[in-house]
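This report covers one sheet and the enclosed cavities of a predicted model. The sequence and structure are shown first.

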Amino acid sequence: MDFIPRPPLGIVQLALRSDMKYGLLDPIQWPQVYAPGYEFLCAVRRPPPLTPSTRNPTPAEPSDMPYPSVIWWTPQQDLHFRVIEGSVFKSLGLLSATALLPLEFAVSRLVGDIQKYVREAGKDLRLLRFQMEMLAACDRLRSFPSTFQDARLQVLQVQRFWLMARAFLDYSSLVVRSVMTGHALALDQRAMGAFTADPSVVQQLFDAGLPVWFVRPNDLSVTGVTEVSFREPCLDQLAMKRLDDTTPPLYQGLAGPGHLDIVCRRAVTYLDVSATPILNTTATAGGPSMSSPDEWSRAKARESRKGPYQKPHASTIRGRDKFLEYDHRWMPPPLPAWKEAMESTDRSGLAKPSADLWGYWVPEPALLVGSLSNDRVERYIMNWLRLRPAWLYLLQTKCSGATRVSAQWWRDYLNGLDFASGQPSTRAGKRKEAVAKAFAGVLDMKDYQENQSTVAWFSHRLKHLHPPLCPLILWEVFETGFRYELLALDRVLVPGRRGRADIELEREQLLSAVFADYDLYAVRQLPSHPAGLAAPVPQARTRCLEALRQVELRWPLCPDIITSAPPLNISTSAVDIEIVERALARFYVHTFYAYSGRAPLVPHRFPS
């Protein structure tokens with residue numbers, strides 16, 4: 001090759017740049033130092049010159065494979081972004097399905113190649129992680145309304161992990177081919193290449209047809225060498241300005257394995273659920289214990305002798321008793337085990353002070369339908385549906401104020417007061433100030449708009465409340481609340497180490513299995529029938545119940561009836577399934593109350 005790119009050597013600072021990439025330290029933009037474990041990065045494909053196909057890609061033809069132009073595509077807000085109809089924030093939307101089609105096609109093809117590699121060569125955790133992050137970002141693009149900036153960020157994440165996964169496959173193939181043929185392959189100048197001071201690595205990459213630059217001391221006397229100049233980075237293609245100058249770098253140290261580990265592991269995403277109100281806990285996680293049939297039998301006998309708790313203390317009931325099912329024609333049916341768990345909660349002691357209670361991730365369903373005025377009920381539900389896209393986006397944003405709002409905040413907001421004037425001294429102005437505080441740093445209040453005539457909810461477009469949909473709307477609120485509260489409680493009981501994204505990823509995978517749709521953060525599509533924890537047949541609930549058991553086994557003070565139970569499966573008797581189900585529901589509800597000071601939102605049966 002007739003040039004030498006400037007090598008990123010010595011002490012470096014890794015930080016996100018204004019284009020959401022890592023500048024010269026980003027292996028999808030610039031050659032890096034060869035590092036064991038990250039050797040495949042030298043096979044990353046170089047970005048091509050900007051062409052019409054990268055601005056407006058189409059589904060790739062076979063000749064465009066394995067590197068379709070969409071992998072370097074940048075979406076345009078005016079061409080590809082569609083705002084959500086009826087949302088109170090006009091900045092929220094999704095990339096159009098047509099715009100995403102080429103990207104989804106490329107992802108699907110690569111997943112097929114990864115599966116073929118795994119079948120032939122076995123699993124590699126690096127490759128599987130790239131696939132998982134790529135699919136997760138693709139899923140967010142399809143399903144989660146966000147600002148255009150965040151949608152563009154998710155596109156970058158799909159492209160980043162696509163390129164690294166593709167490079168892994170290409171590198172493995174090239175190395176095998178070079179060994180099998182016994183001679184050097186033709187140089188592929190489209191590959192990124194790498195720097196190294198190891199002669200054996202130079203030979204290996206040379207044989208594989210990959211660019212390599214041999215780094216040696218500058219005082220080494222060598223004859224017969226043609227001098228070439230360094231190629232400096234093109235500032236038109238690499239952003240050098242930091243995205244946020246106020247935060248410390250992600251890594252500071254020698255260029256090499258340290259910074260590459262962060263780049264390859266870290267998924268930049270807004271989907272980082274906001275912190276729970278109580279994070280300072282000294283509780284340590286428990287672990288599953290080995291059980292025997294005798295222990296399981298004794299635990300069942302102890303469980304059958306348990307009696308009811310004493311009458312709740314008056315201080316634990318603030319207005320309506322929220323541990324009891326609210327009687328309303330639109331309420332989805334309760335699940336027996338969870339209804340019993342709510343009613344059996346020991347509330348005989350003094351309640352926590354109001355200031356120590358956890359906030360609400362979503363409004364209580366009973367609040368939406370609790371008024372005797374039909375007009376107010378319609379106003380509450382319609383205002384929730386208008387806020388819903390922005391609120392779900394807020395819940396997925398790190399350090400948002402979504403968990404620090406009280407039931408009174410929801411009453412004030414859902415009542416729908418018009419605050420066109422927005423004067424701080426008026427009631428309407430105070431409400432707007434409260435809304436702005438909740439969304440502070442996440443959405444621009446200049447994009448806030450009230451009283452949208454038509455509201456979108458799944459496939460429905462509503463100008464007025466449609467009573468047959470109301471049980472489904474309330475069911476979704478219960479389901480969404482349960483998912484976020486389960487995640488919050490698990491984070492308190494099994495705290496992760498700060499900065500360890502892999503621990504949070506493992507947590508997300510574990511908790512996602514509790515739900516029929518394997519989604520921890522939202523209901524993407526209304527089910528056609530009761531499923532998961534709400535399936536009518538006990539054996540149909542075993543997968544989700546066993547997933548919940550695996551979650552609770554990690555919690556401190558997990559009861560014997562759960563730890564000694566054999567794994568649930570479709571061959572487990574209905575009686576034993578229901579015994580474990582009641583124990584899981586009780587342990588969850590009672591533990592949530594002990595930490596939060598309030599009643600949880602629990603699963604309900606999908607309305608028929």
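Strand β3 is joined to β6 (residues 194-196) by two bridges, and these strands run parallel. Within this pairing, V33 of the model has F195 in β6 opposite it. Both strands belong to an open sheet of three strands, ordered β3-β6-β7 and paired in parallel. The edge positions are taken by β3 (32-33) and β7 (212-214); each has a single partner strand, so one side of each lacks a neighbour in the sheet. Helix α6 (residues 199-207) lies across β6 and β7, and runs at about 155° to β7.

The structure also holds three cavities of 30 Å³ or more. The largest cavity and the second largest cavity are set out below.

| Cavity | Volume | Lining residues | Lining by class |
|---|---|---|---|
| Largest | about 210 Å³ | 18 residues | 12 nonpolar, one polar, five charged |
| Second largest | about 60 Å³ | 13 residues | 10 nonpolar, two polar, one charged |

Which residues of the lining are closest to the centre of the largest cavity? They are R320, K322, L324, M342 and F478. Two or more residues of this lining come from each of the elements α9 (336-343) and α10 (365-369).

In the second largest cavity, the lining residues nearest the centre are Q32, L41, C42, G193 and A194. Two of these names lead back to the sheet: Q32 is among the residues nearest the centre and β3 spans 32-33, while A194 is likewise listed and β6 covers residues 194-196.

Key:
Residues numbered from 1 in each chain as written. Predicted model: local features only at pLDDT ≥ 70, side-chain atom pairs only at ≥ 80, totals over all residues. Heavy atoms only, no water. Pairing = 2+ DSSP bridges. Helix = DSSP H or I, 4+ residues; strand = E, 2+ residues; numbered from the N terminus. Contact = heavy atoms within 4.5 Å. Axes fitted to C-alpha atoms, helices over the stretch in contact; angles between N-to-C directions. 1 Å grid on protein atoms, 1.4 Å probe; cavity = no way out; pocket = protein on both sides within 12 Å on 5 of 7 lines; lining within 4 Å. Points joined across faces, edges and corners; volume = space filled by probe spheres on them. Nonpolar A, V, L, I, M, F, W, Y, C, P; charged D, E, K, R; others polar.
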